[in-house]
Amino acid sequence: MENLVTANIRSRPTRAFISILAVALGVILMLVVGGIVSGTLDDYLGRTMALGSDFILQPGGSSILYAFSDASLNQKLTGVIEELPGVAAVTPVLSKFHAKGFGLVFGIDMESYNRFPGRLEILEGTASLTGDEVIVDQAYADAQKVKPGMTINVLNHDFKVTAICRPGAVVRVFIPLETMKVLNGTPDKVTIMFIKADPKADLDTVYATLRDKFPGNSILRASDPNLLLAETRLPGLAEFRMLVVFVSMLLSFMVILLAMYTTIFERTREIGILKSLGASQRFIVGMIIQESVMICSLGAILGIAISEVIRIVIITRFPTLQVSMTVGDLLRGLILGLVAGTLGALYPAYKAAKMDPVKALSYE
Amino acid sequence: MGAMGEMKDGASAANAIETVDLEMTYRSGRVDVPAVQGVNLTVRHGEFIAIMGPSGCGKSTLLHLLGGLLQPTAGSILIDGTDISKLSDAERTAVRRRKIGYVFQRFNLFPTLTAKGNIELAKKIHGNGVSNPNGVGSIFEMLGLKGKFNFRPSELSGGEQQRVAIARAVINRPAIILADEPTGSLDSRNSRTVLRMLRDLNKKLGQTIVMITHDSEAASTANRVVEMKDGRILTPTCGYSYEPELERVN
Ligand SMILES: Nc1ncnc2c1ncn2[C@@H]1O[C@H](COP(=O)(O)OP(=O)(O)OP(=O)(O)O)[C@@H](O)[C@H]1O
Ligand SMILES: [Mg+2]
């Protein structure tokens, strides 16, 4: 059946298309930026959990992404922790951010590192990590076309690749802890320590002991992703995500407001005719809201589709970048786009409903 | 008059329209424009009246008042027994929706909708899905619009557009049709067609019609002519004793 709402949209295809595009843009912004943030976070959690440690000891006050933490833990603590009841293994790590490579580089003590379930599983080459040797994971090797025996530059220093390990072992590039300390100029300091509890020990008891022993440090419970997330300090991350959502909703809101505002003035006469036909204010408001809902739905669907394409492009072109978009995220994008657009249409709809019918009818 | 004001269903009201000391003064800036002054007009059910008068004498204003598009500054308007001057904006709109069909000089069809779409829209606004005794088809046939269902206003002649507008006005079987110079934009041949159709609606369906016109030939189509000047009615309406039944015999 002929419908005034769709007829209105079709009568101004360019404006409708631009409105749809703008709403789509808002949704894309929300989904892609939000997706990268939560993808990175999931990635961090996943990798942190990948080693299979029960606790992570960090200097007090340090936050998420150990890359940015100082090397301020005394390595000698390793010995103290090892002696604690219920502790099965400890491994110190000095991490650094490698700007032009694949994010983090771990300086590890391979012998103690491999006592953890997420140990380096060598797929190719020989498991050796001393001096100027480096082990990289399969993803890094594939992306950078690296083979054992080749020399690569990490942190402005040349290393010889000894082995390729299975991906998912916390980070992608491993060098010896001793070498890292020299490069970093911190002889006795490390960034974090992974701790594995004795399988027979009670985790809560071990946790209490650790907190008791190291009151000035933060101890993350890495055995449970929810605990880890709760204890990981994410400065401003939640606020940042809110801001992105707000900005994208504002974008849809303003575009719909403007589009509908111009629409109702352009259709002043038609609104007068509707009133002469006895259309109630509710009918007129409903018509304008319906039009914006239609535009916003199309925009949100387009936005979701484009976001999905962007996600696929990102994860194939930049394998280390993580974009997480769940069905829930997509639904949220759809709903928020619709809500923003509907809110934007409210004021123009109100203006239309309040128009003087006689003036509207004589409008040229 | 008080009793009539309370009457909800117009079926039993004696008159389709009755105005009592109706006044409308426009306030534009500091100047007051008295457009309608002390109008007492009575239109019986089934009557077809024409309003004539010089430009600016308040004809359109009166028609807007009768349809509840304007709120009078004084006096009352009984539409099918309901005093709409005492109603809220929403209530007046509801009365207009149920009881009034407007026809304008400029047709006022929705340009984006087809002829059928325009009619469907009026039905939708009327709402509550009550089936019409006269479907779109029979109204279209009666108005000589067969085969024009899917034409847009821009694809129709002026006469056809006005006939679609008339179809839209009558589709919900309103008690009253208010037509403001319905032939004002039409050539004489199309004017005659439109007038004949209005008269058919009046005669065959007993449709009450109030029509403004500048053309005395058009006015002669009506049962009665009301002259207006300077916001007042000149012709004494009480002088006529009019019986629609008698008219039908002729
Ligand atoms: N919105 C308004 N504000 C102020 N004055 C108005 C307004 N509308 C109409 N008028 C004035 O009221 C008077 C009656 O106007 P109206 O449109 O009712 O005349 P009319 O008899 O329909 O004229 P015409 O035959 O030219 O259509 C005129 O003097 C007009 O200038
Ligand atoms: Mg007029």
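How much space lies in the largest cavity? About 90 Å³. Keep in mind as you click around that this is a predicted model.

**Stop 1: the largest cavity.** Select A:Ser276 and A:Leu277 along with B:Arg97, B:Ile100, B:Gly101, B:Tyr102, B:Ala122, B:His126, B:Arg168, B:Ala169, B:Asn172 and B:Pro174, and you have its lining. Now colour chain B by element: strand E7 (100–104), helix H4 (115–126) and helix H6 (158–170) each supply at least two of the lining residues. E7(B) gives the largest share, three residues. Colour by class instead and you get six nonpolar, four polar and two charged residues.

**Stop 2: the second largest cavity.** Hop over to A:Arg12, A:Arg15, A:Arg267 and A:Glu291, which are among the residues lining this one. About 80 Å³ of space lies here. Helix H1 (4–11), H2, H9 and H11 of chain A each give two or more residues to the lining. By class, the lining has five nonpolar, three polar and four charged residues.

**Stop 3: H9 against H12.** Stay in chain A and show helix H9 (residues 237–266) with H12(A); their axes come within 7 Å and cross at roughly 30°. The pair therefore counts as roughly parallel, and the crossing is right-handed. Turn on side chains for the contact: on the H9(A) side you'll find A:Phe253, A:Tyr261 and A:Phe265, among others, and on the H12(A) side A:Leu336, A:Tyr347 and A:Lys351 are among the residues they meet. The contact has 17 nonpolar, four polar and one charged residues.

**Stop 4: H2 against H12.** Keep helix H12 (residues 327–353) on screen and add helix H2 (residues 13–50), also of chain A: the angle here is about 150°, with the axes 10 Å apart. So H2(A) runs roughly antiparallel to H12(A), again in a right-handed crossing. Pick A:Val27, A:Met30 and A:Leu31 in H2(A), then A:Asp329, A:Leu330, A:Gly333, A:Leu336 and A:Gly337 in H12(A), to see the two sides meet. Sorted by class, that is five nonpolar, two polar and one charged residues.

**Stop 5: the largest pocket.** Which residues lie nearest its centre? Centre the view on A:Pro357, A:Val358, A:Lys359, A:Leu361 and B:Leu69, out of 35 lining residues. The pocket's volume is about 720 Å³. Helices from both chains line it: H10 (268–276), H11 (281–317) and H13 (357–361) of chain A, plus H2 (59–66) and H3 (89–99) of chain B, each supply at least two residues. Finish on H3(B), which brings the largest share, seven residues. The whole lining divides into 13 nonpolar, 10 polar and 12 charged.

Conventions: Residues numbered from 1 in each chain as written. Chains lettered and ligands numbered in written order. Predicted model: local features only at pLDDT ≥ 70, side-chain atom pairs only at ≥ 80, totals over all residues. Heavy atoms only, no water. Axes fitted to C-alpha atoms, helices over the stretch in contact; angles between N-to-C directions. Helix = DSSP H or I, 4+ residues; strand = E, 2+ residues; numbered from the N terminus. Parallel < 35°, antiparallel > 145°, perpendicular 65-115°, else oblique. Left-handed = near helix turned anticlockwise from the far one by under 90°. Contact = heavy atoms within 4.5 Å. Nonpolar A, V, L, I, M, F, W, Y, C, P; charged D, E, K, R; others polar. 1 Å grid on protein atoms, 1.4 Å probe; cavity = no way out; pocket = protein on both sides within 12 Å on 5 of 7 lines; lining within 4 Å. Points joined across faces, edges and corners; volume = space filled by probe spheres on them.
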